[in-house]
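Please open your viewer and keep the selection box handy. We will go from stop to stop, picking a few residues each time.

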Amino acid sequence: MSNYLFDALTAYIQDQDKTFLETPEGACLTYRDMFARSAQYAGALQKLGVKAGDRVAVQVAKTPDALMLYLGTIRAGAVFLPLNTAYTPAEIAYFVGDAEPAVFVCDPLNADALAGIAQKTGARLQTLSADGEGSLRELADGMPTEFETVARDDEDLAAILYTSGTTGRSKGAMLSHENLASNSRTMVRYWQFRDDDVLLHALPIYHTHGLFVATNCLMMAGGTMLFLPKFDVEEVIRLLPKATSMMGVPTFYSRLLGSDAFTGDLVKHVRVFISGSAPLSAEVHREFSIRTGHAILERYGMTETNMNTSNPYDGDRRPGTVGFALPGVGLRIVDAKTGREVPVGEVGIIEVKGPNVFQGYWRMPEKTAQEFRADGYFITGDMGRVDEDGYISIVGRSKDLIISGGFNVYPAEVETVLDEIEGVAESAIIGVPHPDFGEAVVAVIAPREGVQLELEAITASVSGRLAKFKQPKKVHLEEALPRNAMGKIQKNVLRDRYKNDFG
Ligand code: AMP
């Protein structure tokens with residue numbers, strides 16, 4: 001039977017005895033094993049009563065079995081709903097209550113705490129541990145290794161991913177088979193993934209980056225994954241000589257640079273390093289290229305839209321930019337108030353349209369309607385500009401825009417200047433309430449290890465380079481900036497911490 005996404009992901013697999021994934025402990029799954037294991041998980045879900053269109057919510061550690069559960073869910077015609085392993089039972093209660101899954105799979109260690117939530121919503125509770133054990137595994141082990149994959153069309157839902165939601169309630173982004181398959185097809189071609197690729201996979205798989213960008217792309221190319229449970233600098237350095245490609249968040253790359261053991265020699269077989277999910281500083285881009293000879297390929301996307309833009313594979317990968325709109329993706333930069341496109345070089349809101357763009361927010365038709373223009377463009381909430389050569393730069397989320405004394409201050413511009421100061425490891429610019437200016441620009445800086453930064457020196461280096469209204473009115477030094485698991489700086493945490501700076 002035709003299942004749009006599963007068929008698309010497996011269409012080019014030529015040799016079923018080829019390794020699909022390998023773990024650092026030496027476990028290995030061939031593509032033949034992948035078909036068999038995903039069939040068993042699909043069978044187990046059906047046995048639990050899962051029907052086409054039902055949600056399967058999953059909060060488990062990153063293991064090969066968890067990945068087989070993802071593929072099994074798709075094959076069973078159901079909707080995969082991965083949840084961050086860091087979510088607390090109170091957060092889980094919201095997601096499970098909102099999504100009403102038929103099955104909820106959690107770690108056996110959390111089963112007691114979550115049983116009540118599952119029961120209240122009518123979800124069947126199953127377990128899968130970090131060692132790949134648990135009730136669902138047992139059930140799957142007893143199922144046939146063949147499964148008649150359930151038919152699903154391009155427009156049917158394949159996944160719901162809740163956005164991290166720093167403000168308000170998290171929203172479930174509904175992604176169709178076509179949203180995921182079309183974007184993977186584009187990425188495979190654009191980044192030239194092939195079946196002889198070995199991708200180092202150290203990202204979590206509850207997020208679009210590790211689950212869809214990395215896994216779908218590699219699988220569609222028929223390549224091999226080095227599947228790490230998490231990012232660990234030493235482990236990554238040990239395995240990189242076996243890899244031809246790596247996808248990561250910017251902190252992966254800055255942490256690699258922090259190790260003396262990370263050398264150009266180690267990565268001579270790597271053909272591409274790809275970065276996304278948060279801005280890669282131009283500094284890290286430059287340092288990486290000096291150390292290894294590799295220009296990191298930065299791309300931009302989000303849960304709701306999959307990947308939107310990318311620096312070129314062949315051609316100039318420009319630090320501080322996210323390249324061009326991907327083939328098939330319509331992208332425009334508009335004035336937030338008028339909705340009209342802004343001229344080259346001017347900052348506006350990024351809007352996108354294409355087969356990659358999601359179907360809307362789960363059970364939030366009004367919210368969905370607010371985020372789309374009448375002509376189908378999705379308002380990303382990211383602000384950016386395009387230069388004369390067509391390269392797009394992200395200047396931050398619109399909610400992070402600072403309006404100080406009536407002037408717009410784009411955090412990324414100030415952060416770029418701060419990051420270039422000797423001894424600065426990373427920086428964040430936030431707006432906090434100010435009695436005169438409405439909002440004041442505040443900098444939070446983390447120095448490089450062992451460096452004593454002088455506040456006067458920071459102020460002095462900024463004053464010659466930025467207009468007065470963009471200069472931070474206060475600078476805080478912190479050992480490290482708060483980041484979420486995807487490497488995004490949690491500006492809401494900083495805004496809260498420093499909200500009383502001027503009042
Ligand atoms: P998520 O939905 O968790 O993947 O987060 C998506 C958001 O991450 C986007 O809306 C951007 O604000 C940000 N983002 C992703 N990639 C980049 C990038 N290369 N540069 C700057 N911001 C990025």
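This tour starts at the ligand and then moves through sheets, strands, helices and single residues. Keep in mind that the model you have open is predicted.

**Stop 1: the ligand**

Select the ligand and show its surroundings. You should find 16 residues around the ligand, and the closest are Glu 298, Arg 299, Thr 303, Asp 382 and Lys 488.

Next, show the side chains of His 207, Arg 397 and Lys 488. A polar side-chain atom of His 207 sits 2.9 Å from an oxygen atom of the ligand. Lys 488 also places a polar side-chain atom 2.9 Å from a ligand oxygen. For Arg 397, the distance from a side-chain N or O atom to an oxygen atom of the ligand is 3.1 Å. How much of the ligand does the protein bury? Taken alone, the ligand exposes 500 Å², and the protein buries 91% of that.

Now colour the shell by secondary structure. The elements that supply two or more residues to the shell are β13 (297-302) and β19 (392-397). Of the elements, β13 gives the most, with five residues. If you colour by class instead, the shell shows six nonpolar, five polar and five charged residues.

**Stop 2: the nine-stranded sheet**

Stay with β13 and bring up the sheet to which it belongs. This is an open sheet of nine strands with mixed pairing, in the order β2-β1-β10-β9-β11-β12-β13-β14-β15. Which strands stand at the edges? They are β2 (28-30) and β15 (324-325); each has a single partner strand, so one side of each is left without a neighbour in the sheet.

Move inward and select residues 19-22 and 224-227. These are strands β1 and β10, which pair in the parallel sense over two bridges. Label Glu 22 as well: its bridge partner in β10 is Leu 226.

**Stop 3: Ser 245 in β11**

Select Ser 245, which has its place in strand β11. Is Ser 245 buried or exposed? Its relative accessibility is 0%, so Ser 245 counts as buried. Leaving out residues up to four places away in sequence, Ser 245 touches Phe 193, Asp 197, Val 198, Leu 199, Leu 200, Val 270 and Val 272.

**Stop 4: helix α10**

Select residues 250-257 to light up helix α10, where six of the eight residues are buried. Those buried residues are Pro 250, Thr 251, Phe 252, Tyr 253, Leu 256 and Leu 257. What covers them? The cover includes α9 (233-239), β11 (245-248), β12 (272-275) and α11 (282-292).

**Stop 5: strand β3 and helix α4**

Go to residues 55-59, strand β3. Five of its five residues are buried, so β3 is largely enclosed by the rest of the structure. Try viewing β3 from each face: Arg 55, Ala 57 and Gln 59 lie on one side, Val 56 and Val 58 on the other. Why the split? In a regular strand, side chains alternate between the two faces of the sheet.

Add residues 79-82 to see strand β4, which runs parallel to β3 and is joined to it by four bridges. Within this pair, Ala 57 stands opposite Leu 81 in β4.

Then add helix α4 (residues 89-99), whose buried residues include Ile 92, Tyr 94, Phe 95 and Val 96. The buried residues of α4 pack against β3, β4, β5 (103-106), α5 (111-121) and β7 (157-162). Just after α4, check the backbone of Glu 100, whose phi is positive, near 45 degrees.

**Stop 6: two buried helix residues**

Select Met 220 in helix α8 (residues 208-221). With 3% relative accessibility, Met 220 counts as buried. Now pick Asp 7: the C-alpha atoms of Met 220 and Asp 7 are 9.5 Å apart, although 213 residues separate them along the chain. Beyond four places in sequence, the contacts of Met 220 are Ala 8, Leu 9, Tyr 12, Ala 181, Ser 184, Arg 185 and Val 188.

Finish with Leu 418 in helix α13 (residues 411-419). Leu 418 has 0% relative accessibility and therefore counts as buried. Among the residues that Leu 418 touches are Val 424, Ser 427, Ile 429 and Ala 443. For a last distance, add Tyr 41: Leu 418 and Tyr 41 are 377 residues apart in sequence and 50 Å apart in space, C-alpha to C-alpha.

Methods:
Residues are numbered from 1 along each chain as its sequence is written. This is a predicted model: local features need pLDDT of at least 70, side-chain atom pairs count only at pLDDT 80 or more; totals for chains, interfaces and linings use all residues. Side-chain values use heavy atoms; hydrogens and water are left out. Buried means under 20% relative accessible area, exposed over 50%, partly exposed in between (1.4 Å probe, protein chains only). Contact means heavy atoms within 4.5 Å. A residue is near a molecule or strand if one of its heavy atoms lies within 4 Å of it. A polar contact is a pair of N or O atoms within 3.5 Å; within protein, one must be able to donate a hydrogen and the other to accept it, and residues adjacent in sequence count only if both atoms are side-chain atoms. Accessible areas come from the Shrake-Rupley method with a 1.4 Å probe; for residues, only the protein chains shown count as cover. Ala, Val, Leu, Ile, Met, Phe, Trp, Tyr, Cys and Pro count as nonpolar, Asp, Glu, Lys and Arg as charged, and the others, Gly among them, as polar. Two strands pair if DSSP finds at least two bridges between them.
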